[in-house]
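Colleague: I should be grateful for a close look at a single buried acidic residue and its surroundings in this chain. Please set it in the context of the whole fold.

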Amino acid sequence: MLEVRLTKRYFPFKLDISFSINKETYNLILGPSGSGKSLTLRLIAGFERPDNGYIKLNGRDITGFPPERRNIVYLPQDLGLFPHLSVYENIIYTFKAKREKVNKGYVNTIIEKFRIADLLKRRPTSLSGGEAQRVALARALVAKPKILLLDEPLSYLDFHIKFQLMAFLQLLKNEFSPTVIHVTHDPIEAFKLADYLFILEDGRLCFEGDKYDLFNNPPLGFGEKIVKGLKIIESLRG
Ligand code: ADP
Ligand code: MG
């Protein structure tokens, strides 16, 4: 479904990746800060052009397509909600931008599932981190993207709110099942949510597979360190 094979250099950094995603799965890319996670998502979304290579969606080469023609939604780390619009106006923005009629049935389903009915008149700046994240996810889903790209969606949240939000991401996964690529530096998030897991280190993918494969057979470097960390957390249960 999605095939990515590309290089992109920002000297001295070089991203050199090749992977494909075949089904409507929830994919995690786990990597330390500076490993190229955001750059990977921006390339797939079309906000950057690769130096070499291609991006194909359902067999079609979309490498030269502008972002708005890709059917891919990128949710940046800062969420990108419009501060001058209400929550509701943010959520239906995609219809306005495309001059389409608002699909009220679908919008209401999403508002209900993400429990944002009480927030609709508020401005994004008045929302808590967890509320803003739910609104941003709702806005992204309303566009019915073929691929949803989530850039560290839980990293600004308090520990307990993080787990609340994970439940909403699980709902997104189970009830709306878009193809998701979620990037994070947080192994707990990755293990909780991933159907399929990639590890990115220094611009290269050094692991892909089932999360249990990683546990049993971690690659050297970042992969090995996070598995050690996860084992320590497991041991805290006493
Ligand atoms: P991550 O999201 O994993 O923390 P990024 O993808 O943001 O990492 O960045 C990976 C590397 O690419 C970093 O060394 C960063 O400085 C570099 N980089 C990314 N985008 C740019 C850019 N627009 N200009 C210069 N360097 C960039
Ligand atoms: Mg980043």
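Modeller: The account below begins with the residue in question, E48, and then turns to the loops and the chain as a whole.

The model is a predicted one. E48 lies in the loop that runs between helix α1 (37-45) and strand β4 (52-57). With a relative accessible area of 12%, E48 falls under the 20% limit and therefore counts as buried. Its side chain has polar partners: a polar contact of 2.5 Å links it to the side chain of Y10, and another polar contact, also of 2.5 Å, links it to the side chain of R42. When neighbours within four places in sequence are set aside, the residues in contact with E48 are K8, Y10, L39, R42 and L43. Y10 and R42 thus appear both in this list and as polar partners of the E48 side chain.

Strand β1 (2-10) is followed by a loop that leads to β2 (13-21), and P12 lies in that loop. The peptide bond between F11 and P12 is cis, with omega at about 5°.

Two other loops contain a residue that is not a glycine and yet has a positive phi. In the loop between β6 (72-75) and α2 (87-91) one finds L79, whose phi is about 75°. L79 has a relative accessible area of 10% and is therefore classed as buried. In the loop between α4 (104-113) and α5 (129-142) one finds R115, with a phi of about 50°. R115, by contrast, has a relative accessible area of 63% and is therefore classed as exposed.

As for the setting, the chain is built from nine helices and 10 strands. Its radius of gyration is 18 Å, which agrees with the value near 18 Å that a compact globule of 238 residues would have. Along the principal axes, the C-alpha atoms occupy a box of roughly 50 × 50 × 30 Å. Half of the residues, 50% of the 238, count as buried, and E48 and L79 are among the buried residues. Of the contacts with a separation of 6 or more, 66% are between residues 24 or more positions apart.

The exposed surface of the chain comes to about 12,100 Å², and 50% of that is supplied by carbon and sulfur atoms. Positive side chains number 35 and negative ones 27, and the centres of these two sets lie 5 Å apart.

Key. Residues numbered from 1 in each chain as written. Chains lettered and ligands numbered in written order. Predicted model: local features only at pLDDT ≥ 70, side-chain atom pairs only at ≥ 80, totals over all residues. Heavy atoms only, no water. Helix = DSSP H or I, 4+ residues; strand = E, 2+ residues; numbered from the N terminus. Rg over C-alpha atoms; globule rule 2.2 N^0.38 Å. Buried < 20%, exposed > 50% of the residue type's maximum accessible area, 1.4 Å probe, protein only. Contact = heavy atoms within 4.5 Å. Areas by Shrake-Rupley, 256 points an atom, 1.4 Å probe, with all protein chains shown as cover. Lys, Arg positive; Asp, Glu negative; His and termini not counted. Charge placed at Lys NZ, Arg CZ, Asp CG, Glu CD. Polar contact = N/O pair within 3.5 Å; in protein donor to acceptor, adjacent residues only side chain to side chain.
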